[in-house]
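Work through the exercises below with the structure in view. Try each task before reading its solution.

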Amino acid sequence: MNSQDSIIYMDYHATTPIDPQVVDAMIPYLTTCFGNASSTAHLFGWKARDAVEKARHQVAELIGCSTDELIFTSGATESDNLAIKGVAYAYRHKGNHIITSTAEHHAVLDTCAVLENDGFKVTYLPVDKYGMVHPQQVRDCITEQTILISLIYANNEVGTINPLAEVGKIAGCQGVLFHSDAVQAVGKIDSDVNRLGLDLMSLTAHKMYGPKGIGALYIRARKPRIHLAPMIHGGGQENRIRPGTLNVPAIVGFGEACELSKTLMVDESERIAVLRDKLLHALFNRIDHINLNGHPLKRLVGNLNISFEFVESEALLASLDNIALSAGSACTSGAVQASHVLLAMRLKKELAHTAVRFGLGRFTTEVEVDQVIDAVVKEVHRLRQLSPLYEENISNTA
């Protein structure tokens, strides 16, 4: 069995390693600065509160909002739930219609399903062959009862980037609130909430080299001011929208991760894009019958989702025991089932079962990319030699 140190990590969409600078920023708040940010009667509480507000400023700076428009949550799933349910119940008197897409993360899809059981109507927009929603689709589905649009910014499986700014203009003109699950995009591409026309945005630290278990929800405070029905009760923290003792060390790490991303984002994206393209071209040059899933250009620079025809993804991943890869999103990869995103893109089911997601990131090296190329080429060829379907295809095309 390989040790963790000997495995090449290429699953940055599932989670990212914590940056050492983030760890350094967190350590004091895990040890000596252990105060409760709500304890305002002594120095320990004051230091904790100041650290939280500094981090709030760092997160706000990255997405272009004010500090009073951010609340901290336990992560993206909670943020998605709070945004969608919070709007649904707070604005139910205005309408009961929500628009989303078939290629959303399950945190959005499952939340919408719960609301359907409570009498809300949800339109699930189909996506194109790249996994993208087009603005005109959204415009055509808005009714007088529509209160919320929720679209993923960058898809967690295929990396496709949705045209949020165009949809944001439509939502604003129609007076419909606009939310995005932006967890894969923030820290990697420009995620300014005003440029995108967003009223709510979910983000999380562990996708951008911060700790797990901490996220945030942006809630527009002006023109218009958004009201949410809280999902948790019992305390006055976070403007009473999300009460509970604040996770100060994680919040500090989140803030530091945002500041690092703001500084490194442009240069980091350029470096990762070079490595990603090297991986892409090498695999396509050395392996036949493969397919790139997702938009060829409008995609996250660190994402490659590739179907290797005639090779089940689970078999390929099992044979590549020295490389950490994924057969889809981390939330569903434990189950041997075709990705709902790929099926929504109308990829044939047999091709969806052969898809592998490569995720490159901050600590990926060129040496690692070269090793991954050689290993994947070798194993795909080996597994195809064991596949009667591949042999049959070769015979039929000979």
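Two strands count as paired if DSSP finds at least two bridges between them. The model is predicted.

**Exercise 1.** Find how strand 2 and strand 8 run relative to each other, parallel or antiparallel, and how many bridges join them.

*Solution.* Go to strand 8, residues 215-219. Strand 2 is joined to strand 8 by 4 bridges. The two strands run antiparallel. Now check the partners. Leucine 70 has tyrosine 218 as its bridge partner in strand 8. Isoleucine 71 has leucine 217.

**Exercise 2.** Place strand 2 in the sheet: what is the strand order, and which strands lie at the edges?

*Solution.* Start with the order, which is 2-8-7-6-5-3-4. These 7 strands form an open sheet with mixed pairing. Next, take the edges. They are strand 2 (70-73) and strand 4 (121-125), each pairing on one side only. Last, the twist: it averages 20 degrees from one strand to the next.

**Exercise 3.** Decide whether the residues of strand 2 are buried or exposed.

*Solution.* Buried means under 20% relative accessible area. On one side, Leu70 and Phe72 are buried. On the other, Ile71 and Thr73 are buried too. Both faces of strand 2 are therefore covered.

**Exercise 4.** Describe helix 3: which strands does it touch, and how many of its residues are buried?

*Solution.* Helix 3 (residues 76-90) packs on the sheet. It touches strands 2, 3, 5, 6, 7 and 8. Its direction makes about 165 degrees with that of strand 7. Now count: 12 of its 15 residues are buried, so helix 3 is largely enclosed by the rest of the structure. Among them are Leu82, Ile84 and Val87.

Terms used: Residues numbered from 1 in each chain as written. Predicted model: local features only at pLDDT ≥ 70, side-chain atom pairs only at ≥ 80, totals over all residues. Heavy atoms only, no water. Axes fitted to C-alpha atoms, helices over the stretch in contact; angles between N-to-C directions. Contact = heavy atoms within 4.5 Å. Buried < 20%, exposed > 50% of the residue type's maximum accessible area, 1.4 Å probe, protein only.
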